[in-house]
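The exercises below ask for a reading of one model, each followed by a worked solution. Work through them with the sequence and coordinates at hand.

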Amino acid sequence: LEDHYSPSRWSPRLDRDTIIDAHLAVTAAGTERARASAQTLLHVPYGKGDGEKMDIYFPTDSSETFPVLVYIHGGYWQCLSKDNSGFAAPPLVSQGVAVVAVGYDIAPKGHMDTMVLQVRRSLVFLAERYPRIRGIYVCGHSAGAHLAAMVLATDWTEFQVVPDIKGAVLVSGLYDLEPILHTYVNDALNMSREVAQRNSPMRHVTPAAPAACDVLVAVAQHDSPEFRRQSQEYSQALRAAGWSVSLLDLAGVDHFDIIERLSEDSYILTQV
C-alpha cells in the first residue's frame, strides 16, 4: 500500500526524489505567468479562517456572463496551496472562462471534515458573490479530485444556496480513503476509520438528480495501479447511479504532468 499510494514512485520521467520538486517548480512558474498575464483578484476571503482564501483569474472579456473553472489543488491534503495553482488559467481565460484557485486548511492544521466543508463553502461564496457566473465547473487533482468528488455528494439544503455546477473534472483522484489509513499519508491527517468512511466519495454516490452535472474522470497511464483502480471503480459507481460519466485514460503522462500540462492550449485535457 505504501508503494501504491506513493505517486512519485511510478513516473518513468524522473526519480521519486526529483519529481515532487519538479512539480512544485512547474506549477509555481505557471502560476507566476498566469498572474502576470491575467486580470486577477488574489487572496479573496471566502470565510474567516486563515486558509479560506481564493485567487480569481478573470477572462479577457469579463463584461458579459462567464463560466468559471474552480481548481482544487492536490498535495495529499498536506502540502501545496492556491499560490501555485493558477497555472491552468491562461488557456482558459483567453477563451472567456474565469479560473478560481481555492485555498483550504491543509493538515495537520486542517481536519478532513474541515477541508471538505471549506471547499463546499467556497462554491457557495462564489454563487452568492458573483451573479455573472454562468455555470461552475469543479476541477481537482489528486487529493483535490477527492475534495471535488465530495462536492458532488453535497446536500446543499443546509447551505440555502445551490451552486450551478455544470461539470466536474476529477484528475488522478482518490475516492476511497480507507486504504490511506494504513499508509504514511495518514500520519499528518490522523483520520479514524469513521472519518475516512464519512469522507469517501465512493461511499456517498447518490442517484443522479435531473440536473446532475457531467463528470469527467481522468487518470494517467503512469498513475499507480491503485490510483487507476480507484478512478475506474468510482466512474463505474457514478454511472450505475445514473450520472453522465466519461473516463479519460491519458497515455504518456504520469500523476504530475497529467495536470501540469493544463497550462498548454493544445493538451487534450485543456481542450476537453
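**Exercise 1.** State which residues Leu-170 is in contact with, leaving aside its neighbours within four places in sequence, and place Leu-170 in a nonpolar core.

Solution. Contact means heavy atoms within 4.5 Å. With neighbours within four places in sequence left aside, Leu-170 is in contact with Gly-140, Ala-145, Ala-148, Ala-149, Tyr-175, Val-215, Leu-216, Val-217, Ala-218 and Tyr-234. Next, a nonpolar core is a set of buried Ala, Val, Leu, Ile, Met, Phe, Trp, Tyr and Cys residues joined through side-chain atoms within 4.5 Å, where buried means under 20% relative accessible area, exposed over 50% and partly exposed in between (1.4 Å probe, protein chains only). The largest such core has 61 residues, and Leu-170 is among those with the most contacts inside it, together with Trp-77, Leu-123, Leu-189, Met-191 and Val-215. Apart from this core lies another of 26 residues, which includes Leu-69, Ala-89, Val-171 and Leu-216.

The model is predicted: local features need pLDDT of at least 70 and side-chain atom pairs count only at pLDDT 80 or more, while totals for chains, interfaces and linings use all residues. Residues are numbered from 1 along each chain as its sequence is written, and side-chain values use heavy atoms, with hydrogens and water left out.

**Exercise 2.** How many residues of helix H4 are buried, and what follows for its place in the structure?

Solution. Helices (H or I, at least four residues) and strands (E, at least two) are DSSP runs, numbered from the N terminus. H4 spans residues 143-152, and 10 of its 10 residues are buried, so the helix is largely enclosed by the rest of the structure. The buried residues include His-146 and Met-150. Both of these are also in contact with Asn-199, which is found in the loop between helix H6 (193-198) and strand E7 (214-222). Asn-199 has a relative accessible area of 3% and is itself buried.

**Exercise 3.** Trp-77 and Gln-160 each have a positive phi without being glycine. Is each one buried or exposed?

Solution. Most residues other than glycine have a negative phi, and most peptide bonds are trans. Trp-77, with phi of about 60°, sits in the loop between strand E3 (66-72) and helix H2 (89-93). Its relative accessibility is 0%, so Trp-77 is buried. Gln-160, with phi near 60°, is in the loop between H4 and strand E6 (165-171). Its relative accessible area of 72% makes Gln-160 exposed.

Now the backbone around Pro-108: the peptide bond from Ala-107 to Pro-108 is cis, with omega near 5°. Pro-108 lies in the loop between strand E4 (98-102) and helix H3 (112-129).

**Exercise 4.** How many residues line the largest pocket, and which lie nearest its centre?

Solution. On a 1 Å grid over the protein atoms alone, a pocket is an open set of points where a 1.4 Å probe fits, with protein on both sides within 12 Å along at least five of seven lines; lining residues have an atom within 4 Å of a point. The largest pocket is lined by 24 residues, of which Leu-69, Val-169, Leu-269, Thr-270 and Val-272 lie nearest its centre. Elements that give two or more residues to this lining include E3, H2, E6 and E7.
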